[in-house]
Amino acid sequence: MDFSKLSRLLADYTYRELRLRAKEYLLYQNIGGEEQYLAEVTMYNCMTDFLQDLGMKQRQAEEYCEDSGRLTELAQYISSILK
């Protein structure tokens, strides 16, 4: 079985998910209410998982993403490069 195709498929899925969560986070960032809360939680979870996949320790990734300014900066960066 050729696992390189599976790896490429998973990578594409990860980037699509990151793009979607980043755009959602930015869209609901200043709205307030449940939509904003859900967008923040999903962006936080997605980014902490992604940072861990890149080699960051779990606690370090969580601390990094707990800063809303950093989370916003990551969302803006991801949105600008993943179209």
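**View 1. Arg59 and Glu66 joined by a salt bridge.** In this predicted model, local features need pLDDT of at least 70 and side-chain atom pairs count only at pLDDT 80 or more, while totals for chains, interfaces and linings use all residues. The side chains of Arg59 and Glu66 meet here, with N and O 3.6 Å apart. A salt bridge, by the way, is a side-chain nitrogen of Lys or Arg within 4 Å of a carboxyl oxygen of Asp or Glu. Glu66 is partly exposed, at 47% relative accessible area. That label covers the range between buried (under 20%) and exposed (over 50%), using a 1.4 Å probe and protein chains only. Zoom out a little and you'll see Arg59, Glu62, Glu63 and Glu66 linked into one network by salt bridges that share partners.

**View 2. Arg59 again, this time with Glu63.** These two side chains also form a salt bridge, at 3.3 Å from N to O. Both residues sit in helix α3 (residues 58-66), 4 residues apart, or about one turn of the helix. Helices here are DSSP runs of H or I with at least four residues, numbered from the N terminus. Arg59 is partly exposed at 44% relative accessibility, and Glu63 is partly exposed at 44%.

**View 3. A salt bridge in helix α1.** Look for Arg21 and Glu24, whose closest N and O atoms are 3.0 Å apart. They are 3 residues apart in helix α1 (residues 3-28), so about one helical turn separates them. Arg21 is buried, with 18% relative accessible area, whereas Glu24 is partly exposed at 24%. Across the whole structure, a search turns up 5 salt bridges.

**View 4. A nonpolar patch on the surface.** Tyr37, Leu38 and Val41 make up this patch of about 280 Å². To count, patch residues need over 30% relative accessible area and no salt bridge; nonpolar side chains (Val, Leu, Ile, Met, Phe, Trp, Tyr) are joined within 5 Å, and like charges within 9 Å. The areas come from the Shrake-Rupley method with a 1.4 Å probe, and for residues only the protein chains shown count as cover. Leu38 belongs to helix α2 (residues 33-53) and is partly exposed at 45%.

**View 5. Thr72 and its contacts.** Thr72 is part of helix α4 (residues 68-81) and is buried, at 13% relative accessible area. Skip its neighbours within four places in sequence, and Thr72 is in contact (heavy atoms within 4.5 Å) with Tyr25, Leu26 and Gln29. For all views, residues are numbered from 1 along each chain as its sequence is written, and side-chain values use heavy atoms, leaving out hydrogens and water.

Notes
Helices (H or I, at least four residues) and strands (E, at least two) are DSSP runs, numbered from the N terminus.
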